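I open this notebook to record what I looked up in the structure, in the order in which I turned to each topic.

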Amino acid sequence: MSHSPSLIRAALRNYASAVFIRENPMLISAVFMTVAATAAFEKASRIAAHGGATALFAHRTAFVFFWWYVAFYLPACLMFHYWRQVRSNLAVSIPHLKDTEFTALVLLLVPVGMAFAAPLILLHAPVWGAIALATVAMAGGSVMSFGVPNGQSRKVALSKAVLFLPLMLAGSQPQYLRLILFAAPLPASVITLAAAAFIVSGLRFYPARAAEEAERAEHRADLAAARPRRTSPIVTLFDVIFRIITWKPAFMADRPMPGTLGVRSGPIGTVLVQGLQMTLFLFYMPAFAWVQGHHFMKALIQTAPQSLGFFGAITIFGSGQWLLDRSDWPPLFMAGRYGGRSGFSRAMSNAFRMRAIELALIDALLLTGAALALGIIDPPDAIPTALSSFALIFGTSYGASLPLLWHEIGGRGFTMALALAGGLGTMEILGTGLLHHSPRLWAIAATIVIFACGLAMSRIAPRRLTTMDWPIETASPA
C-alpha cells in the first residue's frame, strides 16, 4: 500500500477544485446552512454572554439548529466527492487511488471537526464536549451520501440506518444535545472516539464484496420471480392485504413511470406509511425524555408541534428527486407511449402533481388529526389548520422545481438546496404557525402565497421541461 505524500496532496487539492464545486449537489445546501449559522452567531453570543452555553442549549435557538445541519451537510459534501472518486470506473485502473482518497479524506476531516467545535468553544462550551458534539454531528452527516452497495458488513449498514434519523432530528431538540456537550471529559472522549470510528469504518470500500452484494440481490430477485406460488391461508391473507395497500382509483391507474414517480402503493398504503412515519416522529423525543425520568405524555404534548413539523418537512425533502434522477426518462420517451416531448413532459409533470396532491392531502389530515387528539389545537381550528397544511405542503413541493425557470433541468445543487429550504420552511410554519395552539394569521398568509407559487410552477414546469435536454445519464453516483 502506497501513501505517497504527493498523491495525498493531489487528492486533497481536488476538494478545492472547480470539479468539486460544480459536481457536488450538496454544496449549495451546506453554504446555505453556513450563512444562516453565521448570521445567527451574534445573537447566540449575546445569549451565551449572559447565561453561558447552557442557556444557548436550553431551548431551540437558530444558531444551534443551523450549526447542527452545517455539521451534517459539509461532511456530506466531502463524502459525496470521496465516493464518486473511489466508485468511478477509473478507480480500479489507477494504482493506490482508493487508499490515497481514504487517507486524504481522513486527514481533511480532522481540521473540519475542529472548525465545527470552535464556535461552541467561543460560546463558552467545554472543549471536550464541543469536540464530541461536533464529531457526533459529522458522523450523522457522513451517512447522508451513502446509498449503493459498498461491501461493508450488515452491522455497519444497519447502524447507519438506525442512527441517521435520530441524529437528524436531534438538531431541533438541543436540550438533548446538552447531554453530550456537558459530559465529563472521559465520557466525552469516549463519545468522540466512537463517533470517529463510526465515520472511518463507513469510508471503507470493498469493490469485490459490493459486486457480490449486487449479484446476490439480483439472484434473489430472479429466484423469487421463478419460485412457484404457494397457496395457504396466510398467503391468501397477505395477498388481500397487498391488494388493499396497492389499490388505486381509476384516475390513478398505473402507467409506465420513472422510478422516482412510479409509486406502487395506493392511497390506503400511503396513509399507512405516512401514519407510521408520523407516529415514529411523535414518539421518538418523548420516549427519550421518558428514559431520562420525565413524564411521557407531558413531553409528547410539549414536543408535538416540532415533531409534526419535521414529519411534514420529510415529505418536502424528497420533492426534487424526480428532477435529480432522470436516468429512466430517455428509454420511456423513446418507447413512444407519451407521444412527443410536449406530451412526455406533461405526463411527468402531471404524475408529480398527482403525487404532491395525494401526499399533501394525506399529511394534512394526519397532522390535523394528531394535533386534535393531543389537544394542541382546538376543534374550531381543525378546518383552517387542515386547509393551510395542505396548501403549505403542496406549494413547497414545487420549491425544488423553481430552478427550472433559469437553469437546464434545474441544476442539481439548486434543486437539492431549495428542497431543503422548503422542508425547513414547512417545519417552521407547521411547528410555530399552524400547530401551536391555533393557526397564526402570518402562517395562513404565508401558505396562501406558497400555494399560489406552487400552482404557478405546476403550469410552468411542463413547458420548461419540453425545451430542455434530458441527459442519458443523470443518476447520482453516490
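Which residues does L120 touch, not counting residues up to four places away in sequence? In this predicted model, I listed F57, F63, W67, A125, A130, L133 and L181 as the partners of L120.

**Entry 1: the core.** I next looked up the largest nonpolar core, which holds 110 residues. L120 is among the residues with the most contacts inside this core, together with F63, W68 and L133. Two of these names, F63 and L133, I had already noted among the residues that L120 touches. I then asked which helix gives the most to this core. I found helix α4, residues 62-87, with 18 residues.

**Entry 2: the chain as a whole.** I recorded 19 helices and zero strands. Of the 478 residues in the chain, 47% are buried. I also checked how far apart in sequence the contacting residues lie: among contacts with a separation of 6 or more, 80% join residues 24 or more positions apart.

**Entry 3: H124.** I turned to the loop between α5 (97-122) and α6 (127-143), where H124 is found. I noted a positive phi of about 75 degrees for H124, although this residue is not a glycine. Is H124 buried or exposed? I entered H124 as exposed, because its relative accessibility is 54% and the cut-off for exposed is over 50%.

**Entry 4: T368.** I located T368 in helix α16, which covers residues 341-374. T368 counts as buried because its relative accessibility is 5%, and the limit for buried is under 20%. Leaving aside neighbours within four places in sequence, I listed I377, A382, T385 and A386 as the contacts of T368. For A386 I noted a further detail: the side chain of T368 reaches the backbone nitrogen of A386 at 3.5 Å.

**Entry 5: α16 against α19.** I stayed with α16 and looked up how it packs with helix α19, residues 441-466. The angle is about 145 degrees and the axes are 8 Å apart. I recorded the crossing of α16 and α19 as right-handed. Which residues meet there? From α16 I listed R341, S342, S345, R346, S349 and R353, and from α19 S458, A461, P462, L465 and T466. By class, I entered three nonpolar, five polar and three charged residues for this contact.

How values were computed
Residues numbered from 1 in each chain as written. Predicted model: local features only at pLDDT ≥ 70, side-chain atom pairs only at ≥ 80, totals over all residues. Heavy atoms only, no water. Helix = DSSP H or I, 4+ residues; strand = E, 2+ residues; numbered from the N terminus. Buried < 20%, exposed > 50% of the residue type's maximum accessible area, 1.4 Å probe, protein only. Polar contact = N/O pair within 3.5 Å; in protein donor to acceptor, adjacent residues only side chain to side chain. Contact = heavy atoms within 4.5 Å. Axes fitted to C-alpha atoms, helices over the stretch in contact; angles between N-to-C directions. Left-handed = near helix turned anticlockwise from the far one by under 90°. Nonpolar A, V, L, I, M, F, W, Y, C, P; charged D, E, K, R; others polar. Core = buried A, V, L, I, M, F, W, Y, C linked by side-chain atoms within 4.5 Å.
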